[in-house]
Amino acid sequence: MQPFYLTKNQCGFYKVRFVDPNTGRLQSAKSTHSKDKFEATRIAMKWLESGIPDCRSNSRQKECLEKGASGLDLQNLVSRLTDSEIDTLLTLIAQRRGQTVQPQAVLSAPKVSGNIVIAPEKAPDEAVPEKVLPKKIVLKNRRNKPKVRVVVKTENVEKINKESGRTPLINYMLSFWDYEKSQFVQEEIALGHKVTKSHCVEMQGVTKRYWEQYFGNEATAEDLNQEILEEFFFYLRNEMQLSGATVNKAMSCGSKAIKYLVAKKAIAGNPFEGVRRFNPEEEKRGIPTEAEVARLLNLKWENEAMYLGFRVITFCGLRPTELAGLKVCDIDATNDLIHVRNSWNEIDKLKDTKNTDERTLPIDHETAERLLKYARLNKYYSDISPVLWTPARHNEPYRNDTYTREFYKMLEVIGISEEQRKMRNICLYSMRHFFCTLVVSRAGLEKAQILMGHRTQGETVHYSDHDSEAKFEAAKKMLNENINYVLRFLYAI
């Protein structure tokens, strides 16, 4: 891991962001006040050795302190000077500063004569020091005309931007993705569009992790232009080494918020126009072999719910969130069916499936009976109680990370180490891919689309009742054959 990263700001000066060795997270950016990359690297290395400056990134205080530190014991030096030497020293200091000083007018220490204290001479009125103005940052608008903005303390930013009619970027984005208070969210829900609380929480996290760490609390929405945004997204991709899909998520997080401002005519022009998205380049998901799946099914799992969850995902292709959303009324052990109507997560609780579509899947009789048997152990058992409930919260199902941990544990039992698992890119979601691969290879793509609940451009939406039932019966027959096909590997182990 690199100890720090260098990037240019809007004015061409290099800024450094150090990596916290304990957490691995990037710290706030600090300007090196240099446009030369070699010089900026030297300064960053010096800071790394002597300590990271406490001053703000737009402050030269640290640099001035470092340059003025001579290592002299000034208090000891002054105490040994004579009056004439003090006068000479003050004259030299005045010349260094380009000022004129009359030594005889300098205040001297009180003199004591017996019991009488002689007051020192009064110096003439001292010149009022020149007021130091805050540093300014030059930002460019979309027409490349310089726009000057005064940088102030964070607590004053909101007040000043409000008075100047500007929109604080980070505060606005966090409010925009506030599920309870956002005007945008309320409008989308009223229009019948799907906006979940978990998505809003995720976007607020993206805002804090990437946007706030890069722009700070001083940037406004009016400061953004295509050049600044592209520099930000390339920083995420190249410097932070984020995947293309993650950078695109950060891009969508900001573009929706800014597009809403443009629609409300709060800002002129959309700075995201022309900003290109990255190639998601997601790593191909790996899946276990049939023999490995058979060995997993043959293991003695400590937790019955974990085993049943693994079995349902493997042979029914449910998403982990859909598994958590299963209710007692969704299991039809009489007809060996499982109805996928909902999904569940910790934030939204019970909600619609990913694409809002419901589907009915065949399930083997043994699994259906074992699911209902486990569900009846719940002291709050009812038609709408969760099937795979957790003893810690009887009215809630197990969470995805619990299934994932148990799945990884079982993989190690059959000889797939953590290193091998990561190299093969196997996770709990791989079992859904396993199911899909098995169905496509044995029954064809069309039946797989029905069972997986996928939407594609070439998918036929309207079927005749006879055709749909025929396909479903064929899929049900195929599912039972799949179970026997996989379990036969047990005899070869």
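I count two strands as paired if DSSP finds at least two bridges between them. With that settled, I opened this predicted model and went to an open sheet of three strands, where the order is S8-S9-S12 and the pairing is antiparallel. I noted strand S8 (331-332) and strand S12 (359-362) as the edge strands, each pairing on one side only. Next I looked up how S12 meets strand S9 (residues 337-340), and found an antiparallel pairing over four bridges. Which residue in S12 is the bridge partner of His 339? I found Thr 360 there.

**The sheet with S1, S2 and S3**

I then turned to another open sheet of three strands, with the order S1-S2-S3 and antiparallel pairing. Why is one side of S1 and of S3 left without a neighbour in the sheet? Strand S1 (4-8) and strand S3 (30-31) stand at the edges and each has a single partner strand, so one side of each stays free of a neighbour in the sheet. I followed S1 across to strand S2 (residues 14-18) and found five bridges joining the two, which run antiparallel. As a residue to click on, I picked Tyr 5, whose bridge partner in S2 is Arg 17. Helix H9 (residues 226-239) packs on this sheet and touches S1 and S2. I noted about 155° between the direction of H9 and that of S1.

**H6 against H8**

Two packed helices are described by the angle between their axes and the distance between the axes. For helix H6 (residues 169-176) and helix H8 (residues 197-215), I noted axes that come within 10 Å and cross at roughly 175°. That makes H6 roughly antiparallel to H8. I listed the residues that meet: Leu 169, Ile 170, Met 173 and Leu 174 from H6, with Gln 204, Thr 207, Lys 208, Trp 211, Glu 212 and Phe 215 from H8. By class, I have six nonpolar, two polar and two charged residues in the contact of H6 with H8.

**The two faces of H7**

Which residues of helix H7 (residues 183-190) are buried? I found Phe 184, Val 185 and Glu 188. They cover an arc of only 95° around the axis, which puts them on the same side of H7. On the face turned away from that buried side, I saw the exposed residues Gln 183 and Ala 190. The cover over the buried residues of H7 includes H6, H8 and helix H10 (244-263).

**A look at Val 275**

I found Val 275 in the loop between H10 and helix H11 (290-298). Is Val 275 buried or exposed? The cut-off for buried is under 20% relative accessible area, and Val 275, at 13% relative accessibility, counts as buried. Leaving out residues up to four places away in sequence, I listed its contacts as Gln 226, Leu 229, Glu 230, Phe 233 and Met 251. For one of these, Glu 230, I also noted the C-alpha separation from Val 275: 6.5 Å, with the two residues 45 apart along the chain.

**Positive phi values**

Lys 349 caught my eye with a positive phi of about 65°, although it is not a glycine. I placed Lys 349 in strand S11 (residues 349-351), and noted it as partly exposed, with a relative accessible area of 33%. Asn 425 is not a glycine either, and I noted a positive phi of about 55° for it. I found Asn 425 in the loop between helix H16 (418-424) and helix H17 (430-443).

Terms used. Residues are numbered from 1 along each chain as its sequence is written. This is a predicted model: local features need pLDDT of at least 70, side-chain atom pairs count only at pLDDT 80 or more; totals for chains, interfaces and linings use all residues. Side-chain values use heavy atoms; hydrogens and water are left out. Contact means heavy atoms within 4.5 Å. Axes are lines fitted to C-alpha atoms, for helices over the stretch in contact, and angles run from 0 to 180 degrees between N-to-C directions. Angles under 35 degrees count as roughly parallel, over 145 as roughly antiparallel, 65 to 115 as roughly perpendicular and the rest as oblique. Ala, Val, Leu, Ile, Met, Phe, Trp, Tyr, Cys and Pro count as nonpolar, Asp, Glu, Lys and Arg as charged, and the others, Gly among them, as polar. Buried means under 20% relative accessible area, exposed over 50%, partly exposed in between (1.4 Å probe, protein chains only). The arc is that of the directions from the helix axis to the C-beta atoms.
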